[in-house]
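User: Please take a close look at a single part of this structure and show me how its surroundings fit together. I would like the cut-offs spelled out as you go.

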Amino acid sequence: MVVTDDGFHERDPRDEESGQVDLVNWLHRIHPKAWAATFHVPNGGYRARKTAARMKLLGVKRGVPDLIMLLPRGDHCGLAIELKRSEGRYKASDDQWLWLDRFTASGFMAVCCRVSEAPDVICSYLNEGKSD
């Protein structure tokens, strides 16, 4: 289990999906306004062939980041995060890097990070543009 100073608890660092659930719960608890502006695009995971075909017709695209926060900070119009599990393999696909580049070109801060690193990324983003 990963526990950070700001109260983030990651139950299973080997599982990206449960880590994302833990991260979203942490965001809701610690930064409710940011949580309200954050969403997940359900473009990953296993789907039955018929469901996958339907999702593709609806516009689902491979590689879209896991979490998107529509909350402007500093010079950015939002934050896009591609999450990777905290332990084990850490490799984004070419499609994921392409989408991160697209988000960056559109004015977002776009990052790929481990779930355990995400609270620091989010807090840093939320503090962007604040004067000391």
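Analyst: **Around one tryptophan: helix, sheet and cover**

Setting aside neighbours within four places in sequence, Trp97 is in contact with Ala92 and Cys112, where contact means heavy atoms within 4.5 Å. Before we go on, the ground rules: this is a predicted model, in which local features need pLDDT of at least 70 and side-chain atom pairs count only at pLDDT 80 or more, while totals for chains, interfaces and linings use all residues. Residues are numbered from 1 along each chain as its sequence is written, and side-chain values use heavy atoms, with hydrogens and water left out.

Trp97 sits in helix H4; helices (H or I, at least four residues) and strands (E, at least two) are DSSP runs, numbered from the N terminus. Its relative accessibility is 41%, so Trp97 counts as partly exposed. On that scale, buried means under 20% relative accessible area, exposed over 50%, and partly exposed in between, with a 1.4 Å probe and protein chains only. From Trp97 to Val111 the C-alpha separation is 9.2 Å, with their positions 14 residues apart along the chain.

Now for the sheet. Four strands form an open sheet in the order E3-E4-E5-E6, with mixed pairing; two strands pair if DSSP finds at least two bridges between them. Strand E3 (38-39) and strand E6 (108-114) are the edges, each pairing on one side only. Helix H4 (residues 94-105) packs on this sheet, touching E4, strand E5 (78-84) and E6, and its direction makes about 150 degrees with that of E6. Here axes are lines fitted to C-alpha atoms, for helices over the stretch in contact, and angles run from 0 to 180 degrees between N-to-C directions.

Let's walk across the strands. E3 and strand E4 (residues 67-69) run antiparallel and are joined by two bridges, with Thr38 having Met69 in E4 as its bridge partner. E4 in turn pairs with E5 in the antiparallel sense, over three bridges, and there Met69 stands opposite Leu79. On the way to E6, Leu79 stands opposite Met109. E5 and E6 run parallel and are joined by seven bridges, and Leu83 has Cys113 in E6 as its bridge partner. Between these two strands the chain passes through H4, and this β-α-β crossover from E5 to E6 is right-handed: with the strands pointing away from the viewer, the path from the first strand over the helix to the second runs clockwise.

How well covered are these two strands? Seven of the seven residues of E5 are buried, so E5 is largely enclosed by the rest of the structure. In a regular strand the side chains alternate between the two faces of the sheet. In E5 both faces are covered: Gly78, Ala80, Glu82 and Lys84 are buried on one side, and Leu79, Ile81 and Leu83 on the other. E6 is largely enclosed too, since six of its seven residues are buried.

A second helix joins the picture: helix H5 (residues 118-126) lies across E4, E5 and E6, running at about 170 degrees to E5. The buried residues of H5 are Ala118, Pro119, Val121, Ile122, Tyr125 and Leu126. Viewed down the axis of H5, these fall within an arc of 160 degrees, so they line one face of the helix; the arc is that of the directions from the helix axis to the C-beta atoms. Their cover includes helix H1 (16-30), helix H2 (32-36), E4, E5 and E6.

Just after E5, Arg85 lies in the loop between E5 and H4, and at 31% relative accessibility it counts as partly exposed. Arg85 and Gln20 are 65 residues apart in sequence but 8.8 Å apart in space, C-alpha to C-alpha.

Finally, the wider setting. The chain has five helices and six strands, following the pattern β-β-α-α-β-α-β-β-α-β-α along the sequence. Of its 132 residues, 38% count as buried. Among contacts between residues at least 6 apart in sequence, 62% join residues at least 24 apart.
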